[in-house]
Structures are given as structure tokens and as C-alpha cells.
Amino acid sequence: MSTPASTGTAPRDKHTLAAAIARDVPDGAYANLGIGQPTLVSDHLRPGSGVVLHTENGMLNFGPAAVEDEVDEELINAGKIPVTELPGAAYFHHADSFAMMRGGHLDVCVLGAFQVSANGDLANWHTGAPDAIPAVGGAMDLAIGAEQVWVMMTLFAKDGSPKVVPACTYPLTGLACVDRVYTDLATFEITASRGRADGALLVRDLSGTTLSALSDRLEVPVVLA
């Protein structure tokens, strides 16, 4: 059987990837965007979508990143990036914010990661290297509390090793918690919880690669969604 060609001419950059994630966030969803690249998703949400963004330092319903005269250094997200307010924005105690995360009140969270396993285990707070600075933040609370956990990352590390792996080798943040992985080369659906016998990852949105090329570089089975 022939292998379909790439659906994009080049790998997705971080802004294209953020826009793809933003399109997939359901209208009216309550969502949290993790520190780092996931915060870019706020800049690409469709006006009028009704998506309510949550940040663990205690704010609901913030908008895109603030620029120029919009910047208020006291109005920031968890990554210390100045953000804008949307009508109805609310502020609350840090403890209340984490209660929202742990209590199942978020529909979606988007996190960065060092590794994601084929069954959805997440490693995103420490590489285990002696000089690495651990930074778990609220990731473990989000990983177990959000209805859907999406990861945004490059598919391969700087040394060429894959970040989607049969089993994580870095310290874990959460077990079997990831539902979807958005990368520069493809989007992966985790199927372990859906009873798929071969444990293959469903692949969509190929960009700058082919299914055959991915299969050659990954140690987990992949099939087209």
C-alpha cells in the first residue's frame, strides 16, 4: 500500500502549531495554557469563541499577550508574560486556582513536555540531568485534573532522539494522562485508553514529513487517523 505524502511543505513553527491547537479548542471551553510555547495559543483563539483561559496564578478569562501600551506588569500569566483582560475577567487566590485545576473544572490544558509515552505518560518537569533545574509548577495538578491533556512540543530533541517514546525515561509528571500530542511534524492521538490492541498512535496533520519517515524514526507504531 502506498504511503501518503506529507500534507505540508515544511515542519510547523511554534506559531503555526499554536494556531492549530487554538482551532481545536472547543468553543466555550475552560482551558489552561502551560508555561512556554503553549502560552502562544492565546494569541490565536478565534474572537467570539467563548473560550475562557485560566492561569494558575489566579485569573480567569485573559486574552492575547499584551503589547506596547497594553502591558501592565502586575497583570501576568503563570509564565510572567503580560496578558490582556477580556470582559468578565476575574481574579482569585492561588489556592482557589489550584482547587479549580484539581477539581476537574478545566476542559483542556496544553502543556510542554520532554517526553510522552505511547500510553500517555507525561514527563515534563525534569530531565534527570544533575545540573537540570526541576520545574514541576502546576503541571502535575493539571495533568490529573483537566478533562483533556494536550502536549505541544517538537517531535525530536536537539540530539535527534524522539520525544514520543515507548516508555518515558525521565521522571514522570503523570500516568496515562495525555490525550493528544501536537508537534512540528505531526499531531498524535493517544489510543491506549481506547482499547486499540496494537497501541499504535493515530497520526494526522503531517507536515514536512511522511508516515513512512515517521515510522523509521519512532520506536512506537503509528497509523494514519
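How do the residues of the lining of the largest cavity divide into nonpolar, polar and charged? The split is 4 nonpolar, 6 polar and no charged, where Ala, Val, Leu, Ile, Met, Phe, Trp, Tyr, Cys and Pro count as nonpolar, Asp, Glu, Lys and Arg as charged, and the others, Gly among them, as polar.

Before going on, note that this is a predicted model, where local features need pLDDT of at least 70, side-chain atom pairs count only at pLDDT 80 or more, and totals for chains, interfaces and linings use all residues. Residues are numbered from 1 along each chain as its sequence is written, and side-chain values use heavy atoms, with hydrogens and water left out.

Back to that cavity. On a 1 Å grid over the protein atoms alone, a cavity is a set of points where a 1.4 Å probe fits but cannot get out, while a pocket is an open set with protein on both sides within 12 Å along at least five of seven lines; lining residues have an atom within 4 Å of a point. The structure holds 1 cavity of 30 Å³ or more, and the largest cavity has about 60 Å³ of space. Among the residues lining it are L33, H54, F62 and N77.

Now for the pockets. The largest pocket has a volume of about 390 Å³, a volume being the space filled by probe spheres set on grid points joined across faces, edges and corners. Its lining counts 20 residues, with I35, N124, A135, V136 and A139 nearest the centre. By class, that lining has 12 nonpolar, 7 polar and 1 charged residues.

The second largest pocket holds about 210 Å³.
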